[in-house]
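Thanks for sharing this one. Below are a few points I noted while going through it, and I hope they help at the bench.

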Amino acid sequence: MSAGMVIIGGGQAGGWAAKTLRDQGYNGSISIIADEPWDFYERPPLSKAALLQSDAPLARLFSEETQRALHLRWYRPVRAEQILPEQKQLLLNNGETLPYDKLLIATGSRPRWPDSAWQAHPRVMALRNWQDAQALKQALNQCRRLAVVGGGWIGLEIAASARSKGIDVTLFERQALLCQRSVNPQVSQALWQLHQQQGVDLQCDCGEIQLSDAAGYPQLTSAKTATQAFDLVVVGIGIELNLELAAQAGLAIDHGIVINGQGQTSDPAIFAAGDVARHPELGISLQSWAFAQNQAQVAAKAMLDATTADYQEIPWLWSDQYHCNIQILGLPAEGDTIHRPTASGGLWFTLDNQQRLQQLVAINDARTIKLAKRWIAAERVLDPAQLADSTFSLMTLR
């Protein structure tokens, strides 16, 4: 009897891998190892709808009917303790040993903390899963003064949600600019203006931030600010990849689990997908909704057929803040940035020295993002004057 497919991880990458295996006609056993008790669900709503709606449901990837039709063997809440590559077996923390024909590692990531004292404080929180979101929503309902530590996407989304609830928000960012690693300085400035207009007290370039306690309430002190007390602190300073299983199994690791275009690791029977997988072309871990879904689908197909086409999609992520849908296509790069104001937001194009698009940031303009995907795929040479001219129709550049 075949050992079947085993997926470690019950998140978005694991869910889409399981569904893709069935969609491709695989009728064997699919086992899911998950450390959460819930079905596959989306994480982006956790910092938005899950905090703002009193009865927000779990944003499931699939309907109950669709998920039942997948005929999965769930092991939850259970953790994988060790991979035994030579025996093609997985050891679980409940004492079971699970054999596999092919194994997919989709273990994702966990929040990074400044140190253990932050993690231990009862009024300091992070947001990563559904349980975190439920606890944070309850805490925000009793909060008047919130500190957000970290000016990346998760920090900005939490700040926006808190302001929408009328909470006073102070945001601390060690670096000089918001989202400094993922967008150019012009976009960082636009984000700063957006949050300032909404009443967020932005403390950028504040250096190290110190946590202390006053009668059970957290206090923060930075190089720029005096000690301030808050009802609640939310930490959003990045993530740590869950690489322990892969490292123990002897898989190649370099800024994530090293994979080829099909999601295959240095062990031909083991694949990786989602946050924990290093992007096959860019050589970095790419934490995005699109990568978690689409790269996992490619990996699942390759688990069944070694001739599957490689994953080659352009990096793309999005963020909802206040009235703005912010979409980022491509990666930040050195080069000229052209700003094109629009009635509903704005566009920022970064070109290389051959006038080809490297990154587009669009606020409330999904249509241009779709068009720009074609430009990047075709390596189209663009005219900076046309991009900057708001009277020129970009749709003529199809």
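1. Alanine 56 counts as buried because its relative accessible area is 9%, which is under the 20% cut-off. Please keep in mind that this is a predicted model. The residue sits in the loop that joins helix 2 (49–52) to helix 3 (64–69).

2. What does alanine 56 touch, apart from neighbours within four places in sequence? Its contacts are Ala49, Ala50, Trp130 and Lys137. Tryptophan 153 is another matter: 97 residues along the chain from alanine 56, its C-alpha atom is 21 Å from that of the alanine.

3. Helix 1 is worth a look too. Of its 12 residues, 11 are buried, among them Trp16, Lys19 and Arg22. The cover over these buried residues includes strand 1 (5–8), strand 2 (30–33), helix 3, strand 7 (102–105) and helix 9 (289–304).

4. The length of helix 1 checks out: at 1.5 Å a residue its 12 residues should span 16 Å, and the end C-alpha atoms are indeed 16 Å apart. After the helix comes glycine 25, with a positive phi near 95°.

5. Arginine 22, in helix 1 (residues 12–23), may catch your eye. This arginine is buried but has no salt bridge, and aspartate 23, the nearest side chain of opposite charge, is 8.6 Å away. A polar atom of the arginine 22 side chain does lie 2.7 Å from the backbone oxygen of leucine 70. Setting aside residues up to four places away in sequence, arginine 22 touches Asn27, Gly28, Ile30, Leu70 and His71.

Methods: Residues are numbered from 1 along each chain as its sequence is written. This is a predicted model: local features need pLDDT of at least 70, side-chain atom pairs count only at pLDDT 80 or more; totals for chains, interfaces and linings use all residues. Side-chain values use heavy atoms; hydrogens and water are left out. Helices (H or I, at least four residues) and strands (E, at least two) are DSSP runs, numbered from the N terminus. Buried means under 20% relative accessible area, exposed over 50%, partly exposed in between (1.4 Å probe, protein chains only). Lys and Arg count as positive and Asp and Glu as negative; His and the chain ends are not counted. A salt bridge is a side-chain nitrogen of Lys or Arg within 4 Å of a carboxyl oxygen of Asp or Glu. A polar contact is a pair of N or O atoms within 3.5 Å; within protein, one must be able to donate a hydrogen and the other to accept it, and residues adjacent in sequence count only if both atoms are side-chain atoms. Contact means heavy atoms within 4.5 Å. The expected span of a helix is 1.5 Å times one less than its number of residues.
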